[in-house]
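Good morning, and thank you for the time. I would like to take you through one structure, beginning with its sheets and ending with its cavities.

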Amino acid sequence: MKTWWKPAVSGLLIFSFLLAGCSGGQEQTTTSEGKRILKVWGMGAEGTALAQMAPDFEAKNPDIKVEVQSIPWDNAHDKLLTAVASQSGPDIVQMGMSWIPEFADAGALQDLTSYVEKYPNLKADHYFEGARTKMTYNDKLVGIPWYIDTRVLFYRKDLLQQVGYNKAPQTWDELKDAATKLAARGNGNYGILLDSKDQLFTLPFAWENGSEVINSNNQAQLNQPPYVETIQYLSSFFKEGIAPTQSDMQLIPSFGEGILPMFISGPWTVNQIKTELPELKPDQWGTAVIPAKEQGGESASVLGGSNLSVFSSSKNTEDAVKFISYLNDPATQVKWYELTQDLPSTTKAWDDKAFQDSPNIQTFRTQMDTARSTPSVKEWETIAKQISDAFDQIVVGGEDIQTQLDQLNEQADSTLQSGN
């Protein structure tokens, strides 16, 4: 899953009714040889690659046949809604982390708590702290982190050195100063690319500034001073021409040409740069954690990725948990990384040489210690879109920040209340 968000789809209110009204269920099926069939839905490229992991598991479990179906991310949410309503879904489903509260609240995911003792790979202490918040919902174990990602700062070391920075910016002030100096080169060059269309773009900076975004009472905090100050800071990059307001520039070529010497992105970009910019030497670019608010402060980022869950309609839970446990074994996760470049969710897998020998990937390991999951409210997908739209009105539409955030907060609170 290469983004932090997926578009929300209406239908939450009908979930509980449909679950209560459908008395059917998925019957366990077998092959002609008598093997139990385990049905798995994987999303996007991961769904395609997952089929390559099945033979090794099947060799270890000759009584199980794994059938993987790849579902495009664009229609995955709709397909999951249909599967819940019809009780005809798979045994195992790959869930974007931000979807867990929504589907768990609807009773669509089985509680796996009783399997933890038998399958210790399901234990929470094997995973990064930020991922643990999406493992449980209402004290039920409903999702096991499969792979994770986060965002870090990519930067041109050589160009930053030219403006007085021998290392990546470490604070908000340094980031703004470095970007300002880089943009001063003129000739169509900018200081940084900030993806304002990314619906979670503001979260790391908001968290660093002490904003809860949504507090423990499910109340939006989007017009309070910590969030307002965050938006004032981020919007200044656009208003001062340091970052492009709207851009159709290609990121990687522009990074190579120095037009966009800094940007924030995920782990897949490391290989993109190596592949598409072979002329760019290792000493010319690097990765760093997102700058903290102040010197000595804590960096923050959003933790994304996917969990593996067992559908409520599955009658093959034991085999499903066994396969999830296999996929989350540290050795298997290293193989998965080599196949897909998806980063391991288990901390132990990071001890492998494959990660120790890559400084740019190790930055993600460091960032994950302080990366956080999105707020665990089932309405988050809708609120994330509201935040993105409000920021666009400020940056592109020129709206007053406090006025726009007051409206945003009211809108988000209404969304939260309507979901109760």
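What follows is a short tour of the sheets, some helices, two residues and the cavities.

A word first on the basis of the description. This is a predicted model, in which local features need pLDDT of at least 70 and side-chain atom pairs count only at pLDDT 80 or more, while totals for chains, interfaces and linings use all residues. Residues are numbered from 1 along each chain as its sequence is written, and side-chain values use heavy atoms, with hydrogens and water left out.

Let me begin with the sheet of 6 strands. This sheet is open, its order is 2-1-3-11-6-12, and its pairing is mixed. Strands here are DSSP runs of E with at least two residues, helices are runs of H or I with at least four residues, and both are numbered from the N terminus. Two strands pair if DSSP finds at least two bridges between them. At the edges lie strand 2 (64-71) and strand 12, each pairing on one side only. Strand 1 (residues 36-43) runs parallel to strand 2, and 8 bridges join them. Within that pair, Trp41 has Gln69 of strand 2 as its bridge partner. Helix 4 (residues 73-86) packs on this sheet and touches strand 1, strand 2, strand 3, strand 6 and strand 11. Its direction makes about 135° with that of strand 1; such angles run from 0 to 180 degrees between N-to-C directions, with axes fitted as lines to C-alpha atoms, for helices over the stretch in contact. Touching, or contact, means heavy atoms within 4.5 Å.

Strand 11 (residues 304-310) has two antiparallel partners. With strand 3 (residues 92-96) it forms 5 bridges, and there Val93 is matched with Ser309. With strand 6 (residues 144-149) it also pairs over 5 bridges; here Tyr147 stands opposite Ser306, and Ile148 has Gly305 as its bridge partner. Strand 6 pairs with strand 12 (residues 343-344) as well, in the antiparallel sense over 2 bridges, where Tyr147 faces Pro344.

Are these strands covered or open to the outside? In strand 11, 7 of the 7 residues are buried, buried being under 20% relative accessible area, exposed over 50% and partly exposed in between, for a 1.4 Å probe and protein chains only. Gly304, Ser306, Leu308 and Val310 point one way from strand 11, whereas Gly305, Asn307 and Ser309 point the other way. Strand 6 is largely enclosed by the rest of the structure, because 6 of its 6 residues are buried.

The next sheet has 3 strands. It is open, with the order 8-7-9 and antiparallel pairing. Strand 8 (262-265) and strand 9 (285-288) are the edge strands, each pairing on one side only. From one strand to the next, the twist averages 25°. Strand 7 (residues 152-156) pairs with strand 9 over 4 bridges, and Phe154 stands opposite Thr287 in strand 9. Helix 16 (residues 359-368) packs on this sheet, touching strand 7, strand 8 and strand 9, and its direction makes about 15° with that of strand 9.

I turn now to helices and two single residues. Helix 13 (residues 317-327) is largely enclosed by the rest of the structure, since 9 of its 11 residues are buried; among them are Phe323, Ile324 and Tyr326.

Leu160 is found in helix 7 (residues 157-162) and is buried, with a relative accessible area of 1%. Which residues does Leu160 contact, leaving aside its neighbours within four places in sequence? They are Tyr155, Tyr165, Pro169, Ala178, Leu182 and Met262. Leu160 and Met262 are 102 residues apart in sequence, yet 9.2 Å apart in space, C-alpha to C-alpha.

Ser235, in helix 10 (residues 225-239), is buried too, with a relative accessible area of 1%. Beyond its neighbours within four places in sequence, Ser235 is in contact with Phe391, Ile394, Val395 and Ile401.

Finally, the cavities. Rolling a probe the size of a water molecule over the atoms shows where empty space is left. A cavity is a set of points, on a 1 Å grid over the protein atoms alone, where a 1.4 Å probe fits but cannot get out; lining residues have an atom within 4 Å of a point. Grid points are joined across faces, edges and corners, and a volume is the space filled by probe spheres set on the points. There are 2 cavities of 30 Å³ or more, and the second largest has a volume of about 30 Å³. Its lining includes Ser196, Asp198, Ile387 and Phe391.

Definitions and conventions:
1 Å grid on protein atoms, 1.4 Å probe; cavity = no way out; pocket = protein on both sides within 12 Å on 5 of 7 lines; lining within 4 Å.
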